[in-house]
Amino acid sequence: MSATLDAAAAPIAIGGVAYEVVMGIECHVELKTETKMFCGCRNVFGAEPNTNVCPVCLGMPGALPVPNRLAIELLVKAGLAFGSEIPAYSKFDRKNYFYPDMPKDYQISQFDMPLTQGGVVPFWLPDGTHGSCRLTRIHLEEDTGKSSHASRDGRIAGSTHSLVDFNRAGVPLMECVSEPDIRSAPAAVAYLEALKRTFVALGVSDVKMEEGSLRCDVNLSLRPVGQEEYGTKTEIKNMNSFNSVRRAIESEMARQAEILENGGRIVQETRGWDEAAGTTHSMRSKEQAHDYRYFPDPDLTPIEFAPLDVTRLRESLVGLPQARIDRFVSDDKLSIAQAHQIVDTPGLADYYDAATALTEKPQATANFVLGDLSRLANETGVPAGESRLGVESLAEIVALVEAKTINSKTAKDLIARVWSDGGSPREIVAAEGLGQVSDSGAIDTLVAAVLAANEKSVADYRAGKTKVMGFLVGQVMKQSRGTANPTLAEERLRAALGDGAE
Amino acid sequence: MASGDIDVAYVAKLARLALTPAEVERFGAQLGALLEHVDRLAALPVADVGATAQVIAQSNVMRDDVVRPSLDRETVLGGAPERDGAYFRVPRIIGEDA
Amino acid sequence: MSDATAVEIARSVNAGESSAAKRARAANDRIAERDGVIGAYLSVTSELARTHAARVDARIAAGERLPLAGVPLAIKDNMCVTGTRTTCASKILADWIAPYTATAVQRLLDAGAIPLGKTNLDEFAMGSSCENSALGKTANPWDLGRVPGGSSGGSVAAVAGGEATVSLGSDTGGSIREPAAFCGVVGFKPTYGRVSRYGLIAFASSLDQIGPIATTVADAALVYDVMAGHDPMDATSVDRPVELASPGLREDLRGVRIGIVREFALTELDPAVRAVYERAYADLEKLGAELVEVALPTAEYGIATYYLIAPAECSSNLARFDGMRYGLRVEGRDVGATYEATRAAGFGDEVKRRILIGTYALSSGYYDAYYVRAQKARTLIAGDFAKAFASCDAIACPAAATPAFAFAAKTDPVSMYLMDYYTIPMSLAGLPSLSVPCGYVTPAGGTSPMPLGLELSAPLFAERSLLGIAHAYERGTRHAEARSIPDLPRTAVAR
């Protein structure tokens, strides 16, 4: 089921043969817990170096790990959100290799019995097509510390020594491994965004790439369209935003295509993305044998999930973003961009859903929610759901506009006013006479006054400069304090200026 | 299982132990002798036997997500072979590809 | 020796007849007098002992009653005690100061024990003679030319030599029981998971267990009762109520069935040693026990199984000693070279051997043939014990095939590994098991009679029953009281 109907997955012509790109993605996502995976040190970003450390996460002699229940449950929830299977039995293994920022010189991870298996991540591509990517597994492990390299350019090469901060060591990390189902850079980004919005919605992770709470490696290869076996892949690392993921994929596709074009062969290797250069570079160095010697961690007990626990966790999943997006697109007929924007703004989908239930006008509601409400939220720093503009108020405004009782200008002003001061838009309109004036007699009075006060514009109009009509309509609106029906105003202006025959 | 086929130099590399050629030879012989003893396990009928990782069968031992005090940084860095301000200082990481 | 037992000391200190301070001073004087020849301690924590003693006395004065009030305690130097050098008798940790205290130790200190110091061991608890220590030489107090056994050689020698009333050892494949047998004291390994391993520097995580060493079974039971029980810091520590052992100490063995292992034929032993064990079995019967033959057909695979599982776990557990965060660092041109130089210089040969064999057993292509097969053999061995315990309450056998041997007598690693022939199967099965003095033999070429130990083992969590049986045997035979260690040359220790 590598079925992304992905328009961006256009074949690449290499030497007259059509090639396609095949990608699988491994994401490391830090879980949002108070404490680390195996000890009670705080799991926070940006603390003073080496302050959130203890014998356990520093791998001190004699210290022992005890797993964080919440981390395990968060991971299982993440899996359940994508329909993963939760095996009845799971265990922790040690992955043995030496690295200075890994305190025990082994990483507690999961080898052959991960917490979740399978699952599918559906997503929409910007062009309106639907795609999906299968998950192989999601497993739990511990993060490493962070090294910084003391050299002129901060890179490993040429450094004289490194400095290590272990605050991050032991932070719970879930690794989401995908099947090689991704066929284009936009699909890769859409897949990552789908993961991100689900994890954020479930409270599983902050998913901040800039803070490193989501890191991803892309395995990429090219093969002739129709060929079953995969080409030689490279693994791309070090992307720090979704945009750099896209750029790195495009760059690596081009690099591999060029090699194949010239009759060369792809070397299986790890390549680092260089944001500034816009290219990937080989991270191969002195060959180290990779023999991780996985074995069950004797310091930890297996995890056995009873069906009841899984049911409890499944029932805790509400308002999954992908289901909402699908509903917004197919039922509410919103655009994919609108649906993503509503779902990706914290709290906005709930607001939109509640308001639409009252207005029964999804598109009009979405326009207000993504337009005026989002602007006000940005300006005031208050999300729509916490402003004084309740969904009932918005529904009243939508209804007033639909009934042509008020015009859009009045609606905009009302929204801003109720946002900060509260009150019923319907009552305000009634009390202050803000209703749209659609009475031609009243409008004719205003038109006469405007024409009398703007002789030059009248002359210009008659001389063929019909553009001044906009100005004249504006003057009528101004005279009416914004309540005039602008369409009617223009009609009466034309009539007064002698275009009445039109 | 075949005894005596232990590649001590390769294993030492994995274990990050520098060995002299004399040590490789000596350990190779000693480990070969042990492996010969260990080979007797081949006689045990284990095809249908489960593996024991832990002799006391327990599962789901976990802790609540509750903060406990961390160590004082001076204590932590005081025991380091080398420090640089608030950091552990380690030799340059060259050719170490995690 | 007429030294007071822990039971007596705790009683007198609680009663105000003696004080913890007095006990601490006396113990310290004894160490100063004797440790120059025995070499049980790697560090003596006089200052810590003094402050703890003062605290205990203050608590007693305030009306508290403490189960181990004023009891002088020696701690194997693979257990962390805040502020003390904790070395594992290894160059790689020679100067490391622990920033936290092991749970088991903390429980004893909270109960009023006085920490005298940290005792010698085979480096990282790997060995059976204490000769693998990189930091000191410990002699057997019965014959200074002989080894105390290992790996808990220092803790055992300290108790046998009167330099501590009780001590803590750790037992992975026999490291408490074999030296206890060699030095004529009681050494007890509880059920795996019964005593927290938090703060015990790991050798083989699925086998390591802390246990008490004492001159009497009652003292061992007293210490066990204080430190046993669940610890939230150790996920393998068992969360079930502790059955206190002290109330179960008994005087006879009526109604007790003791299993004698068919495969552990005494005929293979030296005749003098054999005579001691035949006598021991007869004594069990005389005390009222019914002897039954039990079969442990897979026990002979114990050493092969153990020498795959324990090194495999050790190869991973000891990876962290890499010169980056603590301990020794031998600088190389880069990180990789520093690892290799540090570990080459920091570990002794036995540790290196076990790291190598364990790394090999876990490595790609060998994992199933070695490690997984050993885990399956472990299942069979544990199963044999379960079957045997269907027809008996405890199993009796020698703790070791010989008395303590002379220094440098065993140069071939495999012959040293065979010393644990009788103790390893119980470790693999996680069983509570102990060694209690059962007689003496004068070895060929030796000058003084050397003690032997009877190993008694019981089903999982049957500590109370096991210590009860051992107590009855001890009271019925009084082997420990029958002889005393020869006079030691008195040399003050300069520390």
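Which residue forms a salt bridge with A:Asp344? The partner is A:Arg197, and the closest N and O atoms of the pair are 2.5 Å apart. Keep in mind as you read that this is a predicted model.

## Three domains in one chain

Let's step back to the whole chain. Chain A is split into domain 1 (21-288 + 307-313), domain 2 (319-430) and domain 3 (440-499). Here we follow the meeting of domain 1 and domain 2 of chain A, whose C-alpha centres lie 37 Å apart. Their contact draws on 12 residues from domain 1 of chain A and 10 residues from domain 2 of chain A.

## How much area is buried

The size of an interface is often expressed as the accessible area lost when the parts come together. Between domain 1 and domain 2 of chain A, about 920 Å² is buried, and carbon and sulfur atoms give 65% of this. On the side of domain 1 of chain A, A:Pro122, A:Trp124 and A:Arg197 supply 65% of the area buried against domain 2 of chain A, more than any other three residues.

## Polar links across the interface

Now back to our opening pair. The rule finds 1 salt bridge across the interface of domain 1 and domain 2 of chain A. The count of residue pairs in polar contact between these two domains is 2, with both residues at pLDDT 80 or more.

## What the domain 1 side is made of

Two elements of chain A, strand 7 (120-124) and helix 2 (185-202), each give at least two residues to the side of domain 1 that touches domain 2. Helix 2 of chain A contributes the most, with 5 residues. Sorted by class, this side of domain 1 of chain A has 8 nonpolar, 3 polar and 1 charged residues.

Key:
Residues are numbered from 1 along each chain as its sequence is written. Chains are lettered from A and ligands numbered from 1 in the order in which they are written. This is a predicted model: local features need pLDDT of at least 70, side-chain atom pairs count only at pLDDT 80 or more; totals for chains, interfaces and linings use all residues. Side-chain values use heavy atoms; hydrogens and water are left out. Domain bounds come from an automatic or database domain assignment. Contact means heavy atoms within 4.5 Å. Buried area is the accessible area (1.4 Å probe) that two parts lose on being put together, summed over both. A salt bridge is a side-chain nitrogen of Lys or Arg within 4 Å of a carboxyl oxygen of Asp or Glu. A polar contact is a pair of N or O atoms within 3.5 Å; within protein, one must be able to donate a hydrogen and the other to accept it, and residues adjacent in sequence count only if both atoms are side-chain atoms. Helices (H or I, at least four residues) and strands (E, at least two) are DSSP runs, numbered from the N terminus. Ala, Val, Leu, Ile, Met, Phe, Trp, Tyr, Cys and Pro count as nonpolar, Asp, Glu, Lys and Arg as charged, and the others, Gly among them, as polar.
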